[in-house]
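Hi,

Here is the structure I said I would pass on. Have a look at it first, and then read my notes underneath.

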Amino acid sequence: RRQRQMCIRDRYIGVLYLEREGASHLDFIQNMEYKFVELLSVHFAAANEEVVRQSIAFRYNSVKAKMLLMQNRMAEIISIIKLKNPSLLLQIQKNSNPNMSVLGRTSQQSLNNSKLGR
């Protein structure tokens, strides 16, 4: 409700029209005090289930690949810190947020590997 009031106060309105058979359109309108001006109208059509599944799978796999790259980079950084300044790594682990499971898990794996001589 607040966002809608802000839009009206700022003189811009977005209106979504839902039609039958999955079609819809979104109109962006500017309130110019004495008249309304339609700035943009975007038409939408529902996609079939297979296209939606493919899109979801692609996005999921993309995010998963990025996460793996970041975890690997984090492991590299932790191993460099462990070699150059082990006390700094311990300090980071003590002060890190427990919800940061990637840092905790990766650094803990690094410490375990170093204790085992890997």
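A quick definition before the findings: helices here are DSSP runs of H or I with at least four residues, and they are numbered from the N terminus. Also keep in mind that this is a predicted model.

With that in hand, start with helix α2, which covers residues 49–84. Its 36 residues, at 1.5 Å a residue, should span 52 Å, and the C-alpha atoms at its two ends are indeed 52 Å apart, so the expected and modelled spans agree. If you want to see which residues of α2 are buried, look at Q71, I78, I81 and K82.

Now for the salt bridges. How many does the structure hold? There are two, and I'll take them in turn.

One joins the side chains of R53 and E49, with 3.3 Å from N to O. These residues sit four apart in helix α2, which means that about one helical turn separates R53 from E49. Why would that spacing suit a pairing of side chains? An α-helix has 3.6 residues a turn, so residues three or four places apart point the same way. As for E49, it counts as exposed because its relative accessibility is 58%, and the cut-off for exposed is over 50%.

The other salt bridge links E76 with R73, and here the closest N and O atoms are 3.1 Å apart. Both E76 and R73 belong to helix α2 as well, three residues apart, or about one turn of the helix. Are these two buried or exposed? Neither, quite: E76 has 42% relative accessibility and so counts as partly exposed, while R73 is partly exposed with a relative accessible area of 44%.

Away from the helix, I'd point you to L40. Where does L40 lie? You'll find L40 in strand β3, which runs over residues 36–44. At 44% relative accessibility, L40 counts as partly exposed. Leaving aside residues up to four places away in sequence, L40 touches L26, D27 and F28. L40 and Q30 are ten residues apart along the chain, and their C-alpha atoms are separated by 9.7 Å.

L40 also has a part in a nonpolar surface patch of about 380 Å², made together with Y12, F28 and L39. So F28 turns up twice, because L40 touches F28 and F28 also helps make the patch.

Cheers

Technical notes: Residues are numbered from 1 along each chain as its sequence is written. This is a predicted model: local features need pLDDT of at least 70, side-chain atom pairs count only at pLDDT 80 or more; totals for chains, interfaces and linings use all residues. Side-chain values use heavy atoms; hydrogens and water are left out. The expected span of a helix is 1.5 Å times one less than its number of residues. Buried means under 20% relative accessible area, exposed over 50%, partly exposed in between (1.4 Å probe, protein chains only). Contact means heavy atoms within 4.5 Å. Patches are made of residues with over 30% relative accessible area and no salt bridge: like charges are joined within 9 Å, nonpolar side chains (Val, Leu, Ile, Met, Phe, Trp, Tyr) within 5 Å. Accessible areas come from the Shrake-Rupley method with a 1.4 Å probe; for residues, only the protein chains shown count as cover. A salt bridge is a side-chain nitrogen of Lys or Arg within 4 Å of a carboxyl oxygen of Asp or Glu.
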